[in-house]
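Visitor: Got a minute to walk me through this one? I'd like the local details, briskly.

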Amino acid sequence: MGQAFDIAVFEGDGIGPEIIAPTRSILSDLAARSGAYAMTFRSYPAGAAHYAQTGEAFPEASFQAAKAAHAILLSAMGLPSVRYPDGTEISPQIDLRIALDLYAGVRPVRIAPGGPTPLKLTTGQDLDFVLIRESTEGLFYTKGAGEVTQDDARETLRITRATTEKLTRFAIDLARRRKTRGQGPGRVTSVDKANVFRAFAFFRQIFDDEMAKAPDLMADHAYVDATALWMVQKPWIFDVMVTENMFGDILSDLGAGLMGGLGMAPSADIGDDHAVFQPCHGSAPDIAGQGIANPFAMILSGAMMLEWLGDKHGVPQMEADAAALQAAVDHVVREGHALTGDLGGKAGTAEAAQAVSNALNVLA
């Protein structure tokens with residue numbers, strides 16, 4: 001049976017349960033087929049709907065279960081109509097990032113050959129880079145606790161040396177792995193606003209100090225406004241980008257737009273000991289219950305989970321299955337016969353997910 005892994009599952013709000021169900025099924029099938037590992041999925045309550053029913057967004061028992069698990073698979077959370085008394089959204093995913101110190105938000109931006117994109121890419125201009133977003137501090141530091149008076153409002157931007165060092169080292173390790181696999185040239189770019197803010201000059205200096213310890217890689221810098229421009233004009237120049245929380249939040253959605261939409265955008269929030277895997281998109285309550293949500297971002301987040309677990313625990317088959325799952329989604333998108341409405345197709349959630357399962361069987 002191989003190594004066994006306990007996966008904490010949060011089904012989320014809106015379309016969350018609809019997209020995580022087929023993802024669990026596909027991951028379970030891969031594990032059973034491999035024989036090299038096993039995964040047990042256990043669901044726990046959290047989110048806006050749970051808050052509306054109980055007055056509690058993230059039960060302590062749910063948090064402890066997540067903390068004890070080998071990995072956390074989290075679907076879309078939050079509902080626009082359900083908020084805390086101060087007007088802020090219900091966001092257990094942000095609570096997890098802070099409580100488990102998940103400082104590295106990993107946002108891949110990748111367009112497979114034939115994949116959807118508003119860009120006009122020519123041969124040799126493949127898109128495959130990763131944005132690493134710091135996920136525990138930055139402009140999100142106060143998280144709803146900013147100062148508001150009749151005349152002004154203030155939030156706190158916080159950047160610490162300890163977290164920025166860890167974040168840069170994470171980006172360095174990723175750039176090395178990508179270079180070894182032939183996915184990138186081994187370049188890490190600091191995305192900041194060091195020309196205006198002392199906090200970002202501090203961020204950049206720490207980045208430079210850490211990159212000096214990695215002479216096998218290339219280091220460069222880009223201001224965030226220029227980066228937004230270049231992500232549209234020439235995104236193929238990027239390999240691994242590392243940036244502050246709010247900048248990363250904005251640029252990751254731009255990256256999703258390059259891939260055809262949030263329905264194609266997976267993500268992970270990773271710390272030293274724990275990791276959460278979830279799609280970048282929201283809970284889309286306007287289409288909940290209709291069976292038409294795009295499951296690809298959730299499925300690809302599951303593939304990221306397999307890769308992380310395989311690397312962390314020394315299970316090569318999990319990494320191979322992660323690559324196979326990515327290839328299966330690429331195949332379905334390239335063929336174009338089982339695309340959901342956001343990608344220009346007419347398939348429902350179940351049909352799109354089944355197409356991925358079928359592709360896994362064909363490509364195996």
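**Turns, packing and surface**

Guide: Asp101 lies in the loop between helix 4 and strand 4. Bear in mind that this is a predicted model.

Visitor: What is the phi of Asp101?
Guide: Positive, about 55°, although Asp101 is not a glycine. Asp101 follows helix 4.

Visitor: What sign does phi usually have?
Guide: Most residues other than glycine have a negative phi.

Visitor: Is Asp101 buried or exposed?
Guide: Asp101 counts as partly exposed, because its relative accessible area is 29%, and buried would need under 20%.

Visitor: Back to helix 4. Which of its residues are buried?
Guide: Helix 4 covers residues 92-99, and the buried ones are Pro92, Gln93, Ile94, Leu96 and Arg97.

Visitor: What do the buried residues of helix 4 pack against?
Guide: One helix and several strands. Helix 3 (60-68) is on the list, with strand 3 (71-74), strand 4 and strand 5. Strand 11 (266-270) and strand 12 (275-279) complete it.

Visitor: Where is Ala284, and what is its phi?
Guide: Ala284 sits in the loop between strand 12 and helix 9 (296-313). Its phi is positive, near 45°, and Ala284 is not a glycine. Ala284 is partly exposed, with a relative accessible area of 24%.

Visitor: New topic. At what angle do helix 7 and helix 8 pack?
Guide: About 10°, with the axes 10 Å apart. Helix 7 is therefore roughly parallel to helix 8, since angles under 35 degrees count that way.

Visitor: Which residues make that contact?
Guide: From helix 7 (residues 224-233), Val224, Thr227, Ala228, Met231 and Val232. From helix 8 (residues 245-258), Phe247, Leu251, Leu254, Gly255 and Leu258.

Visitor: Now the surface. Which residues form a nonpolar patch there?
Guide: Leu121, Trp236 and Ile237. Together they have about 220 Å² of accessible area.

Visitor: Where does Leu121 lie?
Guide: In the loop between strand 4 (104-111) and strand 5 (127-134). Leu121 is partly exposed, with a relative accessible area of 30%.

Visitor: Last one, Phe5. Buried or exposed?
Guide: Buried. Phe5 has a relative accessible area of 2%, and it lies in strand 1 (residues 3-10).

Visitor: What is Phe5 in contact with, leaving aside neighbours within four places in sequence?
Guide: Tyr37, Ala38, Met39 and Thr40 are among them. So are His70, Leu309, His313, Val315 and Met318.

Visitor: How far apart are Phe5 and Gly345?
Guide: 36 Å in space, C-alpha to C-alpha, and 340 residues in sequence.

Notes:
Residues numbered from 1 in each chain as written. Predicted model: local features only at pLDDT ≥ 70, side-chain atom pairs only at ≥ 80, totals over all residues. Heavy atoms only, no water. Patch = residues over 30% accessible without salt bridge, like charges linked within 9 Å, V, L, I, M, F, W, Y side chains within 5 Å. Areas by Shrake-Rupley, 256 points an atom, 1.4 Å probe, with all protein chains shown as cover. Salt bridge = Lys/Arg side-chain N within 4 Å of Asp/Glu carboxyl O. Helix = DSSP H or I, 4+ residues; strand = E, 2+ residues; numbered from the N terminus. Buried < 20%, exposed > 50% of the residue type's maximum accessible area, 1.4 Å probe, protein only. Axes fitted to C-alpha atoms, helices over the stretch in contact; angles between N-to-C directions. Parallel < 35°, antiparallel > 145°, perpendicular 65-115°, else oblique. Contact = heavy atoms within 4.5 Å.
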